[in-house]
Each structure stands twice: as structure tokens, then as C-alpha cells.
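Hi there,

Here is the structure I promised to send over. Have a look at it first, and then read on for my notes.

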Amino acid sequence: FPAAFQCTKDSAFLVTWMDQTQWQFMYDIAVFAGWKVQRWPITWCKTHTCMNQASQYNFTKSTEIAMVCRKPKATLAKVASGCVVMASNEQARKQYGHPFAKPYECWEFLIDHVSIEGQLVLEPFAGRGSGVVPLLKKKRYVIGVEINKEHYDSLLNNVQNHFLSMNPNFIFQ
């Protein structure tokens with residue numbers, strides 16, 4: 001959070017997905033770094049069947065949250081009428097080949113509210129591209145970073161497929 005605060009513009013947002021148990025810890029670090037934190041998270045209510053490896057002890061986790069942090073001068077690009085997104089990740093799991101891919105509806109909600117067309121967005125945990133491709137579809141410039149070689153290779157393939165779907169004659173160099 002401190003490094004992100006120091007290297008972003010005065011009107012920047014930072015959005016990070018997390019488990020509910022991490023909220024207070026992450027909130028405190030973000031505020032200490034200078035971020036203004038949305039008091040209630042964006043909540044993704046999963047409409048697909050979720051896995052539960054300890055179903056004899058725990059309810060199945062069918063929600064995830066995203067913390068939205070902003071620099072003091074930042075304002076939402078679009079007024080939000082709520083903070084809940086209901087969506088299944090079935091299509092994203094198939095498209096990106098990863099069980100934890102976020103669905104397009106989650107990304108679309110965040111993209112529409114914290115960025116504008118033509119803006120540069122950093123996706124520091126790009127994975128296989130479930131966030132990068134929607135950013136490209138919404139006409140944002142994206143810097144995607146991924147440490148896992150397998151995920152990175154898949155990310156490149158998914159980005160290529162996105163561009164080829166718009167222009168089948170596109171040539172990559």
C-alpha cells in the first residue's frame with residue numbers, strides 16, 4: 001500500500017480482492033499509507049456452486065470482497081447505486097482455465113466505477129487475464145504483471161484471442 005500510494009497519481013484508485021478475514025488488517029495498512037478506504041467492500045455474491053473442502057465444519061464461502069482505496073483527490077467515474085455484484089464465474093473458469101477467475105460482471109462493475117476509457121491501469125496480479133481482458137474490452141490500457149510462467153503464457157494467449165476476436169487478420173510480432 002505505501003509503494004502504490006507513492007507511485008500513483010493524485011486521482012488514483014487501488015482495488016484489491018481479499019478474504020473477509022483480511023479486511024481490518026488490509027484496511028489499517030491502507031489508511032496508514034494515506035489511502036481513503038471505501039467503508040464497505042464491493043461484494044461478489046457467487047451464483048455458481050462453490051467448492052468446500054471442509055464442509056463438515058464450515059459453510060461454503062459464496063462471497064468475495066474487494067477493498068476500494070482512493071487517493072484524496074479521486075472521485076468515482078460513475079455513481080454506484082450499490083456495492084454488490086451477483087455473478088457466476090462458470091464462463092470465466094472455462095475461458096481462462098482457472099477455478100478462481102473473477103467473472104466479467106465483477107470486473108465490469110469495478111472498471112466502470114474507478115476508471116475511464118483510455119486510462120492506464122496496472123493489474124499487478126494478472127493471472128491468466130480474467131481482469132486484463134475485460135480492461136481491454138472496456139478500452140483501458142493495461143500493464144499486466146504475473147510471476148507464474150504458466151499463468152503468464154496463458155495470459156498472453158487470452159490477450160491474443162481477445163484481439164483476434166475483433167480482427168482475425170491481426171498479426172502479433
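Let me start with a salt bridge: the side chains of Arg93 and Glu90 meet with 2.9 Å from N to O. Please keep in mind that this is a predicted model. Arg93 and Glu90 are three residues apart in helix 3 (residues 90-96), so about one helical turn separates them. As a reminder, an α-helix has 3.6 residues a turn, so residues three or four places apart point the same way. Both partners are partly exposed: Arg93 has a relative accessible area of 24%, and Glu90 has one of 31%.

That pair is one piece of a longer list, as the structure holds eight salt bridges. Another joins the side chains of Glu64 and Lys46, again at 2.9 Å from N to O. Here Glu64 lies in strand 4 and Lys46 in strand 3 (residues 42-46), so the bridge ties together parts that are 18 residues apart in sequence. Glu64 and Lys46 are both buried. They also belong to a network of salt bridges that links Lys46, Glu64 and Lys102.

A further bridge is formed by the side chains of Asp112 and Lys138, at 2.9 Å from N to O. This one links distant parts of the chain, 26 residues apart: Asp112 sits in helix 4 (residues 104-114), while Lys138 is in the loop between helix 5 (132-137) and strand 7. Asp112 is buried, and Lys138 is buried as well.

Next, the cysteines. How many disulfides does the count come to? It comes to zero. For Cys45, the closest cysteine sulfur is that of Cys106, and at 9.3 Å it is too far for a bond. Cys83 is in no disulfide either: its nearest cysteine sulfur belongs to Cys45 and is 9.4 Å away.

Helix 2 deserves a look of its own. Which residues of helix 2 (residues 23-33) are buried? They are Trp23, Met26, Ala30 and Ala33. These residues cover an arc of only 105° around the axis, which means that they lie on the same side of helix 2. On the other side of helix 2, Phe25 and Phe32 are exposed. As for what the buried residues pack against, the partners are helix 1 (2-7), strand 1 (13-18), strand 2 (36-37) and strand 4 (63-70). Strand 4 is also where Glu64 of the salt bridge with Lys46 lies. Just after helix 2 comes Gly34, which takes a positive phi of about 115°.

Finally, the surface. Leu120, Leu122, Tyr141, Ile143 and Val145 make a nonpolar surface patch of about 520 Å². Strand 6 (120-123) and strand 7 (141-144) each supply at least two residues of this patch. Val145, on the other hand, lies in the loop between strand 7 and helix 6 (149-166). Val145 is partly exposed, with a relative accessible area of 41%.

If you want a place to begin in the viewer, I would suggest helix 2, with Trp23, Met26, Ala30 and Ala33 buried and Phe25 and Phe32 exposed on the other side. After that, you could turn to the nonpolar patch and find Tyr141 and Ile143 among its residues.

Happy to talk it through whenever suits you.

Best wishes

Conventions
Residues numbered from 1 in each chain as written. Predicted model: local features only at pLDDT ≥ 70, side-chain atom pairs only at ≥ 80, totals over all residues. Heavy atoms only, no water. Buried < 20%, exposed > 50% of the residue type's maximum accessible area, 1.4 Å probe, protein only. Helix = DSSP H or I, 4+ residues; strand = E, 2+ residues; numbered from the N terminus. Arc of directions from axis to C-beta. Contact = heavy atoms within 4.5 Å. Patch = residues over 30% accessible without salt bridge, like charges linked within 9 Å, V, L, I, M, F, W, Y side chains within 5 Å. Areas by Shrake-Rupley, 256 points an atom, 1.4 Å probe, with all protein chains shown as cover. Salt bridge = Lys/Arg side-chain N within 4 Å of Asp/Glu carboxyl O. Disulfide = S-S within 2.5 Å.
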